[in-house]
Amino acid sequence: MKFGLIMLFSLVGLYCMGAEKGITDTLFDKKVNAIIKERDVEKKEALYAQLLKEFPENSGIRKEGYIRARTSLALFWSTKGNAEKVSGYYDLIRGQVNTAHPLAFALNLVKHKKMEEAVEILYDIKQQLSDEASDNAGRLYIFLRAYTTLAEALHYLQRDEEALPYIEQAYRKSDRKRESINTIYAIILNKLGRHAAALPLFKDLVSSGTASEQIKALLKESYTAVHHSSEGFTALMDSLYASLQSNMNKVADTQMIAVPAFDFTLRDLNGKAVSLSSLRGKIVVLDFWATWCVPCIKSLPAMQKARDHF
């Protein structure tokens, strides 16, 4: 995800109740912050064990500190895919933290294919989210991400009937044009044999240019089931590709910048100086890449095809 949900709680309501307590609380906060900042797994756990030993858990300000430390530990272990550790720390903070935190745990566990544990956390999040709570943009994002991920995890566990209501709710509350939601929704409908409902979703994914080869194969499966034959499927795909090309041309027309480029001079592979102005009237494609960039290297054959074509 580019999914920025790793937020740390700040302590609120602090006030001095005597010099000695103030010094103690400051030391406690420093130790909590040290746990949060530590990246080494053994050191992080050792700092937490030391905190428990030096500051026996009680109510008030220290409770919030422990929540912050345990949230950090659960998040850390979720990035490692250690479901047992995540569950242990999550049980200690369950219902006491913003839903963004457990959602981050669940997303990381899904990446590591720890679906059962992710589903348990996502069901907890579901109970905290209501239709009213998802009206603002931030809560809506969490709602959509939680419900879509829950449906994805349940589908992975072959519990598609259970997954369907959640992806349907995410689909209805979104703008119905979100690739991730539409993809999971279409796949689950296809799996359940609801091909007539899946077909338009698959078609939209292809015409928008976001369909993978798997989606195209499932589109053919749903098309064949609805029409009782694959006849006409090739023509359908041709029309969808034509629609995609037309949409891409429209976008290019609206976003193309009609401003002259500044002139510059570089040397070609033979050491000859070549200026941009010397290529006036010709098609010029500038591709910036690096030898250490794997995606860049993989794109070079396509760039060669473009060069050969033009």
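Biologist: Is Asp124 buried or exposed?
Modeller: This is a predicted model, so every value here is computed from it. Asp124 has 15% relative accessibility. The cut-off for buried is under 20%, so Asp124 counts as buried.

Biologist: How many salt bridges does the structure hold?
Modeller: Side chains of opposite charge can pair when their charged atoms come close. A pair counts here if a Lys or Arg side-chain nitrogen lies within 4 Å of a carboxyl oxygen of Asp or Glu. The number of salt bridges in the structure is 10.

Biologist: Which residue meets Arg94 in a salt bridge at 2.1 Å?
Modeller: That distance runs from N to O, side chain to side chain. The pair links distant parts of the chain, 30 residues apart. Arg94 sits in the loop between α4 (83–93) and α5 (100–111), and its partner sits in helix α6 (residues 115–128). The partner is Asp124.

Biologist: Is Arg94 buried, partly exposed or exposed?
Modeller: Its relative accessibility is 31%. Buried needs under 20% and exposed needs over 50%. The value for Arg94 falls in between, so Arg94 is partly exposed.

Biologist: Which residues are linked with Arg94 in a network of salt bridges?
Modeller: Arg94 belongs to a salt-bridge network. We have met one of its members, the salt-bridge partner of Arg94 at 2.1 Å. The residues linked with Arg94 are Asp91, Glu120 and Asp124.

Biologist: Arg159 and Glu116 meet in a salt bridge; how many residues apart are they?
Modeller: Their side chains come to 3.6 Å, N to O. Arg159 is in the loop between α7 (137–156) and α8 (160–173), while Glu116 is in helix α6. That links distant parts of the chain, and the separation is 43 residues.

Biologist: What is the relative accessibility of Glu116?
Modeller: Its partner Arg159 is partly exposed, with a relative accessible area of 26%. Glu116 also counts as partly exposed. The value for Glu116 is 47%.

Biologist: Which residue pairs with Asp175 in a salt bridge?
Modeller: The two side chains meet at 3.7 Å, N to O. Asp175 is partly exposed at 47% relative accessibility. Its partner is partly exposed at 32%. That partner is Arg178.

Biologist: Which two residues form the disulfide?
Modeller: Sulfur atoms of two cysteines must lie within 2.5 Å to count. By this rule the count comes to one disulfide. Its sulfur atoms are 2.3 Å apart, and both of its cysteines are buried. The two residues are Cys293 and Cys296.

Biologist: Is this disulfide right-handed or left-handed?
Modeller: Look at the torsion about the S-S bond of Cys293 and Cys296. This torsion is about 70 degrees, so the disulfide is right-handed.

Biologist: Which residues form a nonpolar patch on the surface?
Modeller: Together they have about 360 Å² of accessible area. One of them, Val285, lies in the loop between β2 (273–275) and α13 (294–309). The patch is made of Ile283, Val285 and Phe310.

Biologist: Which residues does Leu300 touch, not counting those up to four places away in sequence?
Modeller: Leu300 is found in helix α13. It is partly exposed, at 26% relative accessibility. Leu300 and Trp289 are 11 residues apart in sequence, with C-alpha atoms 9.3 Å apart. The residues touched are Asp287 and Trp289.

Biologist: What is the phi of His228?
Modeller: His228 lies in the loop between α11 (213–227) and α12. It is exposed, with a relative accessible area of 71%. His228 is not a glycine, yet its phi is positive, at about 60 degrees.

Biologist: Where is Lys113 found?
Modeller: Lys113 has a positive phi too, about 65 degrees, although it is not a glycine. Its place is the loop between α5 and α6.

Biologist: What share of the residues reaches a pLDDT of 70 or more?
Modeller: pLDDT is the predictor's confidence in each residue. The chain has a mean of 86, and the share at 70 or more is 89%. Over one stretch the pLDDT is below 50, namely residues 1–23. So for the chain, the share asked for is 89%.

Terms used
Residues are numbered from 1 along each chain as its sequence is written. This is a predicted model: local features need pLDDT of at least 70, side-chain atom pairs count only at pLDDT 80 or more; totals for chains, interfaces and linings use all residues. Side-chain values use heavy atoms; hydrogens and water are left out. Buried means under 20% relative accessible area, exposed over 50%, partly exposed in between (1.4 Å probe, protein chains only). Patches are made of residues with over 30% relative accessible area and no salt bridge: like charges are joined within 9 Å, nonpolar side chains (Val, Leu, Ile, Met, Phe, Trp, Tyr) within 5 Å. Accessible areas come from the Shrake-Rupley method with a 1.4 Å probe; for residues, only the protein chains shown count as cover. Helices (H or I, at least four residues) and strands (E, at least two) are DSSP runs, numbered from the N terminus. pLDDT is the predictor's confidence in each residue, from 0 to 100. Contact means heavy atoms within 4.5 Å.
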